[in-house]
Every structure is written in C-alpha cells, then in structure tokens.
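Got the viewer open? Load the model, switch to sticks plus cartoon, and follow along stop by stop.

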Amino acid sequence: MSKDQHSPPLVIFGLDAGDAEYIRRWVHEGYLSTIASIMEQGCWGHIGGPDLMSTHGAWLSLFSGIPRLDHGYYFNRQLKPGTYDFQDISPSDTGVQPFWSHLGRSSKKVAVIDALEANVQTNLPGIQLVNWAIQKQFNTAVAPISFEPATLLDDVDGIVGAIPPIDGFNPDSSASEDLVDYHRLLKRVEQKGRLCRHLLKRDRYDLAVITFVEAHTAAHRLWDYRPGGMRCNSTTSEGSELSTGIRNVYQAIDREIGLLLKQFPKKPNIVILSLFGMKDLHSTRGLVESFCRQLGYQVPPSGTLNDLAPLALARRIIPPKWRDRVSQFFPLRLQQRLQSQQFLSQTDWDRTTAFPLPGLYSSFIRVNLWGREPKGIVEPGREYEELLSRLETDLLQLVDPHSGEPVVQTVTKTVEAYSCDPPVVLPDLCVEWKPSPRFIDRVLHPKCELVQIAPWYNRSNYH
C-alpha cells in the first residue's frame, strides 16, 4: 500500500507475550498456518539482551531504539532519583518516542493500532489508535485511549462497537467466569482483525504496526487449564473447553494476521514480534524483601521509638496475611503510601548497604550508593563491585527445601550488562527466579531461612 510502487510496505505484528515454545509447537502441529508460512519464506530466531530484564519497558526499547539504560523505565512504580521515595511512572513519562515519529515530515503514511508503550504522535500522516484493546491490569491505572485523527474513535465504534476490558488477573474466578472471558477474548481478536482490515482499505500505508494482546491475557487467565496445569484435570464442560483455550486464541490471531495480509495488493515486508513468553511462577516479592533484611543488607532502625508508633504496633499485632487481605480494599494511593511509610520507617539508612525495589515476580535490588542515594554509604568502585558480587553469591545459594534445588535462575548486574557506571535510575541487580508450579513460602540460605506470606495478588504465571 505504498505510494512508491518500488517500495513495498513494512507491516509489523506484535504478538504480546507470544510464547516461543508454544509458537514452534503449534506451527509444527499445523495450528498456525500463517506464521508457519512466514517462517518458511523468511528467517526467524530468538532475541535477547539486557533490555529484556523486565517486561515493563521492553516494547518501549524496541519501538524507540533507545536502550533501557537511557529511558530508565523498568516497572510501573520506581524509585524517585535522589530520594528514598517511590513514584508511579508510565512509558509516556520517559519522553521517548517510537521510530515512526520521525516520519512526520515525510510523505510516508502510517497505520498504528495498539502499539504497546507508544503514544500517539502529532502531525503524522495516517491513523493511530493506542490503548484501545489492551490488557486490563489489576491495581494499575489503565492509560486512556488516544487516537488520530479526531474522528477515528467514532469510526471505530461504528465499525466494531465498544471493546470491553478483560482482566488479566481475576483471583478465585470460576471455570464458568473464565469461559466467558475466553469467548470475549476470541471475539476481541476478531473485532481487531475486522477493524484493521476496514481501516487498511481506506488508504495506502507505508508502515502498519498492529499488536494483538489477547495472547497475553489468555495465557494469564487460562494458564492453569492447559495440559499440565493445576486445573487441567477439570471434568466440567467449561474446564474441558478451556484446556485448549490458549492455543485457540493463538490460532485466532494467526487467522486474523492471514486475512490482514491479503489486504495488501503488493507483497509487504513482514515482521512478527514477541518479546517474552510465559512460565510457571508465583509472587516473589516477600522473598527478596526477606533476603535483604535477613542477610543484613537492609538494616532496621535501632531503639524502640519506631516500634511504639501506631502503624508499627498495628503491623506487629495484625498477622501479615490479614494485613495483605485488608489492604486490597484500600484505594491504590493509600496502599502505596502505607508501603512507602513502612519502607522508610523500618530502615536505618546509615547502616543499610542494599534494599529491594518494588516488583512482583522479577526482583530488583538497589545499592545504597554514596553520591547517588541521599544517605548512601557504599563507596563507588571496588566496594560497590564487591557488594554486587556478594549479593549475587548469596542469591545463587538460595535453595527450595522441598526440592533441594536453587530457586534463582539468573542475576543480572546492570553495570556489566550495559558496560556502564552505576545506573542513575535502573536497579543495580535484576533477579529472575526459576519457574515453579507452586508458591514457595520459604527458601534456605546457609546462614538463615527466608519466609514470605502469599500476597493477594498471586497468580501462578509470569514472563
């Protein structure tokens, strides 16, 4: 659909959280005929590198070409530089723009539909629809729909109607509830495909960027029903149908990609991308917090003054599991404020060398570095490097007492991954935990035992 008949268009399909193992298997078994055809005619492989240390910010790096070290986005709640306070952050706060923003002064036309972690660009020829059919995240503010031109959303509603949000995490949902959302996911795939076909008929585009997020949401919601999952032996009709739900959503996306490619009168250049897949994993937030405190990296304040404060007294009296259950009913900002107060009041910064940053599954650790943190005590250079090595060694010694196996898969040092000085914004360490089909409530270190309480937000899978 290019104005220049000598330049075929570039079409980029994002398959959010499309699992590489599943794609290979289902291509081989004949379920993904469109992707199989593209793989046969072109080339394919695995991506890697430090910018994949976190799912947050991965699409931002890809679409902008700017590394994570420079844009600094790794989670939706990050340490505010120069403080011990945390702040909510989104990709738009980075000021980083996708590569197609540079086409504004050219004659090239673009069609962008739900490119993740990208904002609508002004003065760009074509159409842009962002945050339309995306995954609804629990406890995370959903970015508003944005679009260009101003009439586009009215056109969209007229073509396919409204798109209801679908929770990627619905704790304690029944098979019947999951089945309803499964069928809504299939409908959304069809709606997005139909919308894109309709919009692409209207004009000739040099670049099309289209992301299907339903693979992501389906994997989270239906993970336990897959063969080998915790609910795979369900004898109900709902459970039986959901056992192939993830595959069926992938197959629906594959079908829509095939129909979309037929829209182009001239054979386009095609790229299909997925930045991460899925694995068995439960929350590890409590483990990294216990690690830093039990092994003496994060030191509590001495004396009894803080222990007599009302909040501290309440935390001692009320069991952790009850506190977590009760806190879910608080407004998000109140939850975050209480967590920040606890973090600040229970840390002696004059003796703390390292501390955990917010996270759920991947874990992040920050060194209390002199000259970077307000009360940093670790000297840059040799002392900093030795502390990182000691942290890595301690992490790799953590063992699951049930299996006797290590629980940490990889430890990434930011300074080594990027060949850089200590980062201003990013964590100093990123910890990836080994896949586990069950919640690990305790792990062993040669010096101590680490214990965590299962949080309310504790789904059985992550990336």
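Select V443 to begin: the residue sits in strand β14, where helices (H or I, at least four residues) and strands (E, at least two) are DSSP runs, numbered from the N terminus. Before you read too much into it, note that this is a predicted model, in which local features need pLDDT of at least 70, side-chain atom pairs count only at pLDDT 80 or more, and totals for chains, interfaces and linings use all residues. Numbering starts from 1 along each chain as its sequence is written, and side-chain values use heavy atoms, with hydrogens and water left out.

Is V443 buried or exposed? V443 counts as buried because its relative accessibility is 0%; the cut-offs are under 20% relative accessible area for buried, over 50% for exposed and partly exposed in between, with a 1.4 Å probe and protein chains only. Now add its neighbours: leaving out residues up to four places away in sequence, V443 touches L287, L398, V399, P401, V407, C448, E449 and L450, a contact being heavy atoms within 4.5 Å. Draw a distance to L398 while you're there: the two C-alpha atoms are separated by 6.2 Å, although the residues are 45 apart along the chain.

Next stop, α10 (285–294). Colour G286, L287, V288, S290, F291 and C292, which are buried in this helix. What covers them includes β10 (354–357), β11, α14 (382–396), β13 (429–433), β14 (442–445) and β15 (448–451). Step just past the end of α10 and you'll find G296, with a positive phi of about 85°.

Stay with C292 for a moment: it counts as buried because its relative accessible area is 0%. Jump to C430, which is also buried, because its value is 2%. How many disulfides are there? The count comes to zero, taking a disulfide as a pair of cysteine sulfur atoms within 2.5 Å.

Time for the holes. The structure holds two cavities of 30 Å³ or more. A cavity here is a set of points on a 1 Å grid over the protein atoms alone where a 1.4 Å probe fits but cannot get out, and lining residues have an atom within 4 Å of a point. Grid points are joined across faces, edges and corners, and a volume is the space filled by probe spheres set on the points.

- The largest has about 80 Å³ of space. Of its 14 lining residues, select L281, H282, T284, L287 and I440, the closest to its centre.
- The second largest has about 30 Å³. Select T284, R285, V288, L357, G359, L360, S362, S363 and F364 to show its lining. The elements giving two or more residues to it are α10 and β11 (363–367).

Last, go to strand β4 (residues 110–113), which is covered on both faces: V110 and V112 on one side and A111 and I113 on the other are all buried. In a regular strand the side chains alternate between the two faces of the sheet. Strand β5 (residues 126–130) runs parallel to β4, joined by four bridges; strands pair if DSSP finds at least two bridges between them. Pick V112 and look for its bridge partner in β5, Q128. Strand β7 (residues 207–212) also runs parallel to β4, again with four bridges, and there V110 stands opposite L207.

Zoom out to finish: the protein chain has 15 helices and 16 strands, and 50% of its 463 residues count as buried.

Definitions and conventions:
On a 1 Å grid over the protein atoms alone, a cavity is a set of points where a 1.4 Å probe fits but cannot get out, and a pocket is an open set with protein on both sides within 12 Å along at least five of seven lines; lining residues have an atom within 4 Å of a point.
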